[in-house]
Amino acid sequence: MIERIHNQKAWFMVLPVILLVAFNAVIPLMTVVNYSVQETFGNNVFFWEGLKWYEQVLHSERFHASMTRQIIFTSIILLIEIPLGIAIALTMPRKGLGATLCLVLMSLPLLIPWNVVGAMWNIFALPEIGFLGHVVNSMGIDYNFTQQPISAWVTIIAMDVWHWTSLVVLLSYAGLSAIPEAFYHAAQIDTATKWQIFRYIQLPKMKHVLTIAILLRFMDSFMIYTEPFVLTGGGPGNSTTFLSIDLVKIALGQFDLGPAAAMSLIYFLIVLLLCWVFYTLMMRNEAR
Amino acid sequence: MKRITWLVPTLYIIFLMLPIYWLINMSFKTTNEILGTFSLWPHNFTLDNYIKIFTDRTWYQGYINSICYVVLNTLISVTAALPAAYAFSRYKFLGDKHLFFWLLTNRMAPPAVFALPFFQLYSASGLFDTYLAVALAHCLFNIPLAVWILEGFMSGVPRELDETAYVDGYSFWRFFIKIFLPSIAAGIGVAAFFCFMFSWVELLLAKTLTSVEAKPIAATMTRTASTAGYELGLLSAAGTLTIIPGAFVIYFVRNYIAKGFALGRV
């Protein structure tokens, strides 16, 4: 960290960014706030409703259900992707052609448009004609993600692991390659075991990048929309209707602007709160 | 022991490549073969799906549209983020920490929350269905990210560089463009890569803000999936083609990927 000097004129350098982001963030956010406290019957006629929509959303079974599904989904993928990502980063080649090849191939899923990821997994997992569906079915396991909730969940989780584990790998790899050789030499002299090297050298050095990884994976998995929408459309039934999918159904499908807006804000505040906790912890680490 | 360590990344890469292989495999099959038999490689090899995409304007225009707004967004995001990141890395000013966090909150906003108000905002400002609309909308999450990445890289450049330049009589902007920017060229490349990536993969906002003229390829694909029934071969070919720009961009930044994903803060 370099020493920063006081200079209020720096505001002018930040101004373009503030204007661009404010145009995109503040105006739409105010629109949402506006809708969330009013009732409309079309024709731009609005009635003040106060906190009615918030109460309705917070007490609705439907919101609780999609929130529960969202939390379960996010927990599962974090529990799989973070350890798996670390394991792959630890075992992949550290330098040379092998490392470059691994990095390039592993980044590939990150650059595929999200709806293509959904479509790809749809084609891949179709029973009978998809590779995954065909292989699993021929092993005698009953699997059909368009009809069984459990199959749908397994497919979505597999898809997310496929899509995003590489992000954790790349971050961990960056953290690992920043460790000086001298650390390992010292460990060798002390005859440290593999586990001790991991626990006392590698893990502390990866702490910072892992915080970023968890933060990004938490945020993005909490907002997941396109991939499950294309893959299962939230079904079968409502079994894979996560928060974003539910929100879009209410806002653009049923056009219930009030409840949708209230739900948006509650949703946004939850993400914000959790990210603020992460961010504060991260900054505290950095200051230390 | 050596053999086991190779096994984990190898298995993982095979797992990554399988669905991609399946997509490419499907794209060279005829509809009859896809629906009729299960085959690991195309028996009746056909290029019809690709020919259709390259000759039908509604298809190839989608790619042109996507690339146009992605490039426009990358230019806007990086250009605006450069001075801002410099300010955050070099100066203390009133509310700097809060401002930085506020910027990041926009990276955290679920696009689903913004879909409807964005539609209204861009319709009202007459930008609906233009490249600029999507490019500006994607600034919502790309500018904070670009500022975050660039700030990390800029903090790695020692202050002495700035001070030496001032002593040598450089004005601020001349120093910034002639000396400072070249010294963080890798960081700019990485930031541009990320802007490209997130703008390229996003669909919800891009689809909401366009109807005909600026419609992205991803939206063209969803339409095919829903209305024309099961044209799996065509869908696979279109999907395969969307992987190419990403692979191309990765190749250029291959040596900086790892550091870039750590946002320049390893």
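**Helix crossings and burial in a predicted two-chain model**

The secondary structure of chain B comes to 14 helices and 1 strand. The model is a predicted one.

Colleague: What are the extent and the degree of burial of chain B?

Modeller: The C-alpha atoms of chain B fill a box of roughly 75 × 65 × 30 Å along the principal axes. Of its 266 residues, 49% count as buried. Among contacts in chain B between residues at least 6 apart in sequence, 78% join residues at least 24 apart.

Colleague: And what are the corresponding figures for chain A?

Modeller: Chain A has 12 helices and 3 strands, and its C-alpha trace spans about 75 × 70 × 30 Å along the principal axes. Buried residues make up 41% of the 288 residues in chain A. Of the contacts in chain A with a separation of 6 or more, 70% are between residues 24 or more positions apart.

Colleague: Why is α3(B) called roughly perpendicular to α13(B)?

Modeller: Helix α3 (residues 48-55) of chain B and helix α13 (residues 232-252) of chain B pack at an angle of about 65 degrees, with their axes 9 Å apart. Angles of 65 to 115 degrees count as roughly perpendicular, and α3(B) is therefore described in that way relative to α13(B). The crossing of α3(B) with α13(B) is right-handed.

Colleague: Which residues make that contact, and what is their character?

Modeller: On α3(B) they are B:Asn49, B:Tyr50, B:Lys52 and B:Ile53, and on α13(B) they are B:Gly233, B:Leu234, B:Ala237, B:Ala238 and B:Leu241. The residues of the contact divide into 6 nonpolar, 2 polar and 1 charged.

Colleague: What makes α5(A) oblique to α13(B)?

Modeller: The axes of helix α5 (residues 114-125) of chain A and α13(B) come within 10 Å and cross at roughly 135 degrees. Roughly perpendicular ends at 115 degrees and roughly antiparallel requires a value over 145; the angle of roughly 135 degrees lies between these limits, and α5(A) is therefore oblique to α13(B). Here the crossing of α5(A) with α13(B) is left-handed.

Colleague: Which residues of α5(A) and α13(B) are in contact?

Modeller: A:Val116, A:Ala119, A:Met120 and A:Ile123 of α5(A) meet B:Leu232, B:Leu235, B:Ser236, B:Gly239 and B:Thr242 of α13(B). The division for this contact is 6 nonpolar, 3 polar and no charged.

Colleague: How many residues of each chain take part in the contact between chain B and chain A?

Modeller: The contact involves 83 residues of chain B and 79 residues of chain A. Helix α1 (residues 2-27) of chain B gives the most to the side of chain B that touches chain A, with 12 residues. That side divides into 67 nonpolar, 10 polar and 6 charged residues.

Colleague: How do you know that strand β1 of chain A and strand β1 of chain B pair?

Modeller: Pairing requires at least two bridges. Strand β1 (residues 5-6) of chain A and strand β1 (residues 91-92) of chain B are joined by 2 bridges, and the requirement is therefore met. The two strands run parallel, and A:Ile5 stands opposite B:Tyr91 in β1(B).

Colleague: Why is B:Leu136 called buried?

Modeller: B:Leu136 has 23 other C-beta atoms within 10 Å. The cut-off for a buried residue is 20 or more, and B:Leu136 is therefore buried. This residue is found in helix α7 (residues 131-155) of chain B. B:Leu136 and B:Asn73 are 63 residues apart in sequence and 6.6 Å apart in space, C-alpha to C-alpha.

Colleague: Why is B:Asp129 called partly exposed?

Modeller: B:Asp129 has 16 other C-beta atoms within 10 Å. An exposed residue has 12 or fewer and a buried one 20 or more; B:Asp129 falls in between and is therefore partly exposed. B:Asp129 lies in the loop between α6 (111-124) and α7 of chain B. Its phi is positive, about 65 degrees, although B:Asp129 is not a glycine.

Colleague: What makes A:Thr191 an exposed residue?

Modeller: A:Thr191 has 7 other C-beta atoms within 10 Å. The limit for an exposed residue is 12 or fewer, and A:Thr191 is therefore exposed. A:Thr191 is placed in the loop between α8 (181-189) and α9 (194-222) of chain A. Phi of A:Thr191 is near 45 degrees, a positive value in a residue other than glycine.

Conventions: Residues numbered from 1 in each chain as written. Chains lettered and ligands numbered in written order. Predicted model: local features only at pLDDT ≥ 70, side-chain atom pairs only at ≥ 80, totals over all residues. Axes fitted to C-alpha atoms, helices over the stretch in contact; angles between N-to-C directions. Helix = DSSP H or I, 4+ residues; strand = E, 2+ residues; numbered from the N terminus. Parallel < 35°, antiparallel > 145°, perpendicular 65-115°, else oblique. Left-handed = near helix turned anticlockwise from the far one by under 90°. Contact = placed C-beta atoms within 7 Å. Nonpolar A, V, L, I, M, F, W, Y, C, P; charged D, E, K, R; others polar.
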